[in-house]
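Biologist: I work at the bench and would like to learn how to read a model like this one. Could you take me through it feature by feature?

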There are 2 protein chains.
Amino acid sequence: MKHLTVTVVGLGLIGGSIARALRPHVQSLYAVDRDQSVLDFAQKQGVIDPAPEDALQRSDVVMLCLYPEASLEFVERHLKDFKSGCILTDAVGVKTPLMKLYHKLKPGFTYIGGHPMAGREVSGFLNATDNMFAGAGFIITPPEDAAEEQIRVVERIAAAIGCRTIIRTTPENHDKIIAYTSQLPHAIATAMCDTPLLVKHKNFTGGSFEDVTRVAKINEDLWTELFIENKAYLIEEIDRFSASLERIKNAVAAGDAEQLRDIMRRVRQDKELIDNA
Amino acid sequence: MKHLTVTVVGLGLIGGSIARALRPHVQSLYAVDRDQSVLDFAQKQGVIDPAPEDALQRSDVVMLCLYPEASLEFVERHLKDFKSGCILTDAVGVKTPLMKLYHKLKPGFTYIGGHPMAGREVSGFLNATDNMFAGAGFIITPPEDAAEEQIRVVERIAAAIGCRTIIRTTPENHDKIIAYTSQLPHAIATAMCDTPLLVKHKNFTGGSFEDVTRVAKINEDLWTELFIENKAYLIEEIDRFSASLERIKNAVAAGDAEQLRDIMRRVRQDKELIDNA
């Protein structure tokens, strides 16, 4: 790690937190951002090194911390600027689109997808912290042509920023599961708050309401892209969820206590199982 | 308050926490519970006083901390055992059914509904704490024939157990709002976890999944009763929520980024408004 030159593209909440956590572990850490004042500030803070003109060409690892669409655009625009044999990784919440582009372009770098499983309801470098990923999960989606040593480099970066459980899977499996574990909760929180009752309910809420609605303070630009880029899997999960909620509603409407208790008992037992795992 | 004799009926998580928090503020605190070992233990701990045979007849305030159906049964069975002019209050999460029974029976006590807005995913007296309600909201649903002084007694009890925001409303309004702020989140968390994916997703979850599913570790006996007792309002809220989720799904399916962003922006602004209020 100590010999690596890394460039973080996009110095927002996630890119900034990665830079802060990774800085002590690599030789040089450069950043690219459309906002020069962020780069200046990060450099003054010692989070990044002064970047040479050809920072990308000098980098062993380039880490995209952009929104999904901007990630695709960046790769297409800078296709010739990457060092041959370098590793491109990212922190984008949906993995299939960039992997498809990678297979189409067949560039001189290896794209090994990454997804650190943490975030916050705020954005921007000023909210970035060096412990954002402490104890979090990290998902790696390597292509079939990646060398084991290259995958290990991304794993070491994940460990260096504080991630504890690092697992490998395919981009398709990542996107299917993430539709359930991340996008569905955001869609639900949004629908939950999409009512005039929201601003009238003051003092009628307990912990369950606060928890289910927390992520409704949503970044609409980011999540609009994530939802649409992962359309097929997300729709599957919304349909599955809606069918289950409909079963609960029908049992309530029929006053069918036995069925309601059965559903809740099964769910509670599964939830206890994973919480204790 | 210092002259009051209070009996708590049902020494579980909620009744036990109320007893622990209320004990220093009243003259005598008795408890009724079907489990004698819980009463013995609570008495040994100094949380309750040794109850005389006629504890109910001696009580100025009786506080029902039972499940909804058991509350109705208790009132019917003990109709003759309450002191004339005493206050019956409760901590039951749905207020219309007991108020209907009260108006039907026209008993010698005044029923002033109460609902401390706190809870946990565990149950039983051993999990009870004296700060369960610290800073929580408390909703009071007095009948039209309650004297102001009687309502104030319940308000003082709410303040004594630590509740900070105490508001009065009708049982119908309570049940309508609570369907949205408490029962809908529990139905959603249950539906969210009602899939074989739940136990396969390990390490793919971040904070949003943990938050939205926390209350899926549900008490199936309690919530089955709460859902069915509040059937009409809960179904209304599920329908409203489902229509909103369907709109989000359709916008995703159509790739309509503008509509998705509009929904999310509006929701985010409302959520920021209430979080900062």
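Biologist: Let's start with strands. In what sense do β6(A) and β7(A) pair, and over how many bridges?

Modeller: Strands of a sheet pair through backbone hydrogen bonds, either parallel or antiparallel. Here β6(A) and β7(A) run antiparallel, with four bridges; two strands count as paired if DSSP finds at least two bridges between them. Strands are DSSP runs of E with at least two residues, helices are runs of H or I with at least four, and both are numbered from the N terminus. Within this pair, G113(A) stands opposite T141(A) of β7(A).

Biologist: Before we go on, what should I know about the model and its numbering?

Modeller: It is a predicted model, in which local features need pLDDT of at least 70 and side-chain atom pairs count only at pLDDT 80 or more, while totals for chains, interfaces and linings use all residues. Residues are numbered from 1 along each chain as its sequence is written, and chains are lettered from A and ligands numbered from 1 in the order in which they are written.

Biologist: Thanks! Which residues cover the two faces of β6(A)?

Modeller: On one side are G113(A) and H115(A), on the other G114(A) and P116(A), and all are buried. Buried means that 20 or more other C-beta atoms lie within 10 Å of the residue's own; exposed means 12 or fewer, partly exposed is in between, and C-beta atoms are placed from the backbone.

Biologist: How many residues of β7(B) are buried?

Modeller: Five of the five are, so β7(B) is largely enclosed by the rest of the structure. One side has G137(B), I139(B) and T141(B), and the other has F138(B) and I140(B). As for partners, β7(B) is joined to β6(B) by four antiparallel bridges, with G113(B) bridged to T141(B). β7(B) also pairs with β8(B), in the parallel sense and again over four bridges; there, F138(B) faces I166(B).

Biologist: In what order do the strands of the open five-stranded sheet in chain B come?

Modeller: The order is β2-β1-β3-β4-β5, with parallel pairing. At the edges stand β2 and β5 of chain B, each with a single partner strand, so one side of each has no neighbour in the sheet. Inside that order, β3 (61-64) and β4 (87-90) of chain B are parallel over four bridges, and M63(B) has T89(B) as its bridge partner in β4(B).

Biologist: Now a helix. Why do the buried residues of α5(B) line one face?

Modeller: An α-helix has 3.6 residues a turn, so residues three or four places apart point the same way. In α5(B), the buried residues are L98(B), M99(B) and Y102(B). Seen down the helix axis, the buried residues of α5(B) fall within an arc of 100°, so they line one face; the arc is that of the directions from the helix axis to the C-beta atoms. Their packing partners are α4, β4, β5, β6, β7 and α7 of chain B. Turned away from this buried side are the exposed K100(B), H103(B) and K104(B).

Biologist: What is the phi of K106(B), which follows α5(B)?

Modeller: Most residues other than glycine have a negative phi, and most peptide bonds are trans. K106(B) has a positive phi, near 45°, and sits in the loop between α5 and β5 of chain B. K106(B) counts as exposed because it has 7 C-beta neighbours inside 10 Å.

Biologist: How is chain B laid on chain A?

Modeller: Two copies of a chain are related by a rotation about an axis and a shift along it. Here a turn of 180° and a shift of 0.0 Å along the axis lay chain B on chain A with an RMSD of 0.0 Å; the superposition is by least squares on the C-alpha atoms of residues with pLDDT of at least 70 in both. The two copies are thus related as by a two-fold rotation axis. In chain B, V212(B) comes closest to that axis, at 2.1 Å (C-alpha).

Biologist: And how many residues does each chain give to the contact?

Modeller: There are 77 residues from chain B and 77 residues from chain A; residues are in contact if their C-beta atoms, placed from the backbone, lie within 7 Å. On the side of chain B, α11(B) gives the most, with 14 residues. The copies meet through the same surface, because 100% of the interface residues of chain B are also interface residues in chain A.

Definitions and conventions:
Two residues are in contact if their C-beta atoms, placed from the backbone, lie within 7 Å.
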